[in-house]
Amino acid sequence: RIEPISDPAGIGDPNVRRFLTLWLEAHRNGQPPGKEFLDPLQLRFLLGSICLLEVQKQPLRFRYRLVGTDIVRRLDMEMTGKWLDEHPDKALRPFLVDGAAMVYRNARPGYCRASTRTLGQDWLLELVAVPLLGADGSIGYIGTGQTFPPDKSA
């Protein structure tokens, strides 16, 4: 389950914690940053484990716009350009879609730390999803920073 989070201190992985801290620091006049927050130079410590979802508002759907190379390698598939609700693990789809919808609707970060089994493998996942502004000043994107253990297993 993805839960709202506002304090990075509750995050175990130092890179995922730093991702949320930088997002909080990037606010201007109480507004979250735009997709430029996912600057590869600033986030090089988590670069292969970043995703960018574009929000389609009517109907509400999320499209992968960027999927880090580490994630592609671990999933053994490229998700860029695909819809979140087309994720290859049908059992995981509701979790992903509900979490993205929560981050979008609340305009607040979401956090998850879970052991799960997907695509035939055990995973220990720690993830932060953050809302990002679009060109019109509303939430247009969701950025995620995540980590997996090196061997994919819990």
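These legends describe close-up views of one predicted model.

**Figure 1. The whole chain, from one end to the other.**
The chain has three helices and six strands. Starting at the N terminus, the elements follow the order β-α-β-β-α-α-β-β-β. Along the principal axes, the C-alpha atoms fill a box of roughly 45 × 35 × 25 Å. A compact globule with 154 residues would have a radius of gyration near 15 Å, and the chain's 14 Å agrees with that.

**Figure 2. Inside and outside of the chain.**
Of the 154 residues in the chain, 47% are buried. The chain exposes about 7900 Å². Carbon and sulfur atoms supply 51% of that area. Now take the contacts between residues at least 6 apart in sequence: 49% of them join residues at least 24 apart.

**Figure 3. The largest nonpolar core.**
In soluble globular proteins, nonpolar side chains tend to be buried together. Here the largest nonpolar core has 23 residues. Among those with the most contacts inside this core are Leu53, Phe62, Tyr64 and Val67. Leu84, Ala100 and Ile142 belong to that group as well. Which elements each supply at least two residues of the core? They are β2 (50–57), β3 (60–67), α2 (69–75), α3 (93–106) and β5 (121–133). Helix α3 gives the most, with five residues. Another core lies apart from this one. That core has 19 residues, including Phe19, Leu43, Val128 and Tyr141.

**Figure 4. Ile142 and its contacts.**
Ile142 is among the residues with the most contacts inside the largest core. What does Ile142 touch, leaving aside its neighbours within four places in sequence? Its contacts include Cys51, Leu52, Leu53, Val55 and Phe62. Ala100, Val103 and Tyr104 are also in contact with Ile142. So are Ala129, Val130 and Leu132.

**Figure 5. Two cysteines without a disulfide.**
A disulfide is a covalent bond between the sulfur atoms of two cysteines. The count of disulfides here is zero. Why is Cys51 not bonded to Cys112? The sulfur of Cys112 is the closest cysteine sulfur to that of Cys51, but at 14 Å it is too far for a bond. Cys112 is in no disulfide either. Are these cysteines buried or exposed? Cys51 is buried, with a relative accessible area of 6%. Cys112 is buried too, with a relative accessible area of 1%.

**Figure 6. An aromatic pair, Phe19 and Phe37.**
A pair of aromatic rings is described by the distance of the centres and the angle of the planes. The count here is one aromatic pair. Phe19 and Phe37 form this pair, and the arrangement is edge-to-face. The rings are 5.5 Å apart, centre to centre, with 65° between the planes. Phe19 lies in helix α1 (residues 14–25), and Phe37 in the loop between α1 and β2, so the pair ties together parts that are 18 residues apart in sequence. Phe19 is buried, at 0% relative accessibility. Phe37 is buried, with a relative accessible area of 3%.

**Figure 7. Leu127 and its surroundings.**
Leu127 sits in strand β5. Leu127 counts as buried, at 10% relative accessibility. Gly110 is 17 residues from Leu127 along the chain, and their C-alpha atoms are separated by 8.1 Å. Leaving aside neighbours within four places in sequence, Leu127 is in contact with Gly110, Tyr111 and Cys112, among others. Ile2 and Val16 are also in contact with Leu127. The list of contacts further includes Thr144, Gly145 and Gln146.

Definitions and conventions:
Residues are numbered from 1 along each chain as its sequence is written. This is a predicted model: local features need pLDDT of at least 70, side-chain atom pairs count only at pLDDT 80 or more; totals for chains, interfaces and linings use all residues. Side-chain values use heavy atoms; hydrogens and water are left out. A nonpolar core is a set of buried Ala, Val, Leu, Ile, Met, Phe, Trp, Tyr and Cys residues joined through side-chain atoms within 4.5 Å. Buried means under 20% relative accessible area, exposed over 50%, partly exposed in between (1.4 Å probe, protein chains only). Helices (H or I, at least four residues) and strands (E, at least two) are DSSP runs, numbered from the N terminus. Contact means heavy atoms within 4.5 Å. A disulfide is a pair of cysteine sulfur atoms within 2.5 Å. The radius of gyration is taken over C-alpha atoms; the globule rule is 2.2 Å times the number of residues to the power 0.38. Accessible areas come from the Shrake-Rupley method with a 1.4 Å probe; for residues, only the protein chains shown count as cover. Rings of Phe, Tyr and Trp (its six-membered ring) pair if their centres lie within 6.5 Å; planes under 30 degrees apart count as stacked, over 60 as edge-to-face and the rest as tilted.
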